[in-house]
Amino acid sequence: MIFFQFHPLASLRAITALVCVALWAPQEALANKPATPSKHNQASPRAPAKAQAKPKTPARQGADAAATQPEDLRDLATWCKTIVPRLIGMPLNQCLSSGLAPGDGRSVRGVPLWLRDAAPPEGTASLRVFVLGGIHGDEPTSVNVVFDWLESAVKTQDSVIHWRMVPLGNPDGLLRRPSSRTNSRGVDLNRNFPTDDWSRDAHAYWAKRTGKDPRRYPGPAAMSEPETQWIQGQIEQFKPQLIVAIHAPYGLLDFDGPAPPPNKLGSLYLDQIGIYPGSLGNYGGTMGRVPVITVELKNARQVSRTEIQAIWRDLLKWIDLRLLPSTAAQVAPATPAAPTAPAGPTTLRHSGGLDSL
Ligand SMILES: [Zn+2]
């Protein structure tokens with residue numbers, strides 16, 4: 001009896017594990033892979049060593065077992081049980097009770113992109129804020145942060161802020177083994193947004209400034225990736241007046257766009273390190289004239305709830321000071337990335353090699 005109770009479960013687990021390995025095996029053979037992977041030559045003395053190595057032997061190279069299971073990830077419980085083990089110390093229940101819903105976007109591999117709004121009664125919001133985590137799949141703490149902030153936003157009854165939160169912009173990258181910065185076609189989604197300088201600069205920058213670092217491949221064309229298309233569509237539809245993108249592990253704040261930037265959120269200080277072709281900061285802030293705060297946590301795999309909440313509290317204070325009605329006139333209307341938007345800079349701003357955001 002014990003055998004028959006145990007054995008089917010063990011078999012099920014083994015089958016599940018095999019399916020997961022097959023499903024999330026790196027797809028090195030897929031199209032659009034950078035032609036010449038090379039060493040990361042952008043190392044900075046203060047850049048923590050990130051896991052950049054590719055798996056030596058991709059399991060089932062070129063396998064395509066994603067035909068059915070990603071659709072199952074439209075179910076919150078299934079999605080949570082799939083992603084939570086890849087996050088850092090997040091209770092499953094926090095995901096199950098998040099109230100997230102699958103959006104109409106899918107990753108390359110068909111995994112739904114989830115979101116939730118937290119808003120005061122219709123017509124009473126004073127500010128729309130879009131929060132994005134996990135656009136780089138190997139920065140799981142950025143996902144934790146959005147889950148935590150979502151919980152806080154939902155609990156805040158007297159808020160005048162309409163939040164739209166997307167905890168995981170790159171599910172394929174998170175679910176790869178090991179997790180990857182890029183999506184499953186090897187594209188850095190934060191270099192794939194349709195900035196004015198993309199056609200001219202994205203590939204040149206990638207080649208000359210990163211040495212064709214495969215972790216920073218901008219894609220064959222701007223907006224070539226479904227994840228980027230969906231995020232950009234969310235921005236166009238939601239028309240945020242502030243975008244907050246969470247990353248790790250450089251331990252700083254970057255800022256693009258109008259309004260005086262925050263000098264400090266939690267223990268993170270402002271250090272505007274650069275504008276990159278195809279980045280969300282360039283797209284939303286420089287082109288769209290919407291303030292974009294890029295939060296670079298200090299660690300991609302470890303973050304305390306104390307720090308997450310300290311950043312949240314300071315963010316709310318900065319919003320209150322700079323963006324809410326008494327000062328909202330300082331902020332340009334939200335017209336992100338309209339074709340007629342002012343052009344971005346003609347020269348790249350760069351600060352000595354740190355290239356992460
Ligand atoms: Zn990042």
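**Pairs, buried residues and a core**

Modeller: Let's start with one pair of residues: the bridge partner of Arg116 in E4 is Met165. Do keep in mind that this is a predicted model.

Biologist: Happy to. What makes strand E2 and E4 a pair?

Modeller: Pairing takes at least two bridges. Strand E2 (residues 112-118) is joined to E4 by 3 bridges, so the two strands count as paired. They run antiparallel.

Biologist: And how do you know that E3 and E4 pair?

Modeller: By the bridges again: E3 and E4 share 6 of them, in the parallel sense, and two would be enough. One of the bridges links Leu127 to Ile161 in E4. Between these strands the chain passes from E3 through H5 to E4, a right-handed β-α-β crossover.

Biologist: What makes E3 and E5 a pair?

Modeller: Strand E3 (residues 127-132) and strand E5 (residues 242-247) are joined by 4 bridges, so the requirement of at least two is met. These strands run parallel, and Val129 has Leu242 as its bridge partner in E5.

Biologist: Zooming out, why are E1 and E6 called edge strands?

Modeller: Strand E1 (101-106) and strand E6 (252-256) each pair on one side only. The open sheet has 7 strands with mixed pairing, in the order E1-E2-E4-E3-E5-E9-E6. From one strand to the next, the twist averages 20 degrees.

Biologist: How do you know that E4 is mostly covered?

Modeller: Of its 6 residues, 6 are buried. Ile161, Trp163 and Met165 point one way from E4, while His162, Arg164 and Val166 point the other way, and all are buried. That matches a general pattern: in a regular strand, side chains alternate between the two faces of the sheet.

Biologist: Just past E4, why does Gly169 count as buried?

Modeller: The cut-off is 20 or more other C-beta atoms within 10 Å. Gly169 has 32 such neighbours, so the residue counts as buried. It lies in the loop between strand E4 (161-166) and helix H6 (171-175). Beyond residues up to four places away in sequence, Gly169 touches Leu113, Leu132, Gly133, Gly134, Ile135, Leu189, Glu227 and Ile231.

Biologist: Why is Lys212 called partly exposed?

Modeller: Its count is 18 other C-beta atoms within 10 Å. Buried begins at 20 and exposed means 12 or fewer, so Lys212 falls in between. This residue sits in the loop between H7 and helix H8 (226-238) and has a positive phi of about 55 degrees although it is not a glycine.

Biologist: Ala259 has a positive phi too, near 80 degrees. Is Ala259 buried or exposed, and what makes it so?

Modeller: With 22 C-beta neighbours inside 10 Å, Ala259 passes the threshold of 20, so it is buried. Its place is the loop between E6 and strand E7 (264-265).

Biologist: Now the core. Which residues touch the most other members of the largest nonpolar core?

Modeller: Val131, Val146, Val244 and Val295 do, in a core of 75 residues. Helix H5 (residues 140-155) gives the most to this core, with 7 residues. Leaving aside neighbours within four places in sequence, Val146 contacts Val131, Gly133, Met165, Pro167 and Ile246. In general, nonpolar side chains of soluble globular proteins tend to be buried together.

Biologist: Last one: where are the cis peptide bonds at Pro178 and Pro249?

Modeller: One joins Arg177 and Pro178, with omega about -5 degrees, and another joins Ala248 and Pro249, with omega about 15 degrees. Pro178 lies in the loop between H6 and helix H7 (198-210), and Pro249 in the loop between E5 and E6.

Key. Residues numbered from 1 in each chain as written. Predicted model: local features only at pLDDT ≥ 70, side-chain atom pairs only at ≥ 80, totals over all residues. Core = buried A, V, L, I, M, F, W, Y, C linked by C-beta atoms within 7 Å. Contact = placed C-beta atoms within 7 Å. Axes fitted to C-alpha atoms, helices over the stretch in contact; angles between N-to-C directions. Right-handed = clockwise from strand over helix to strand, strands pointing away.
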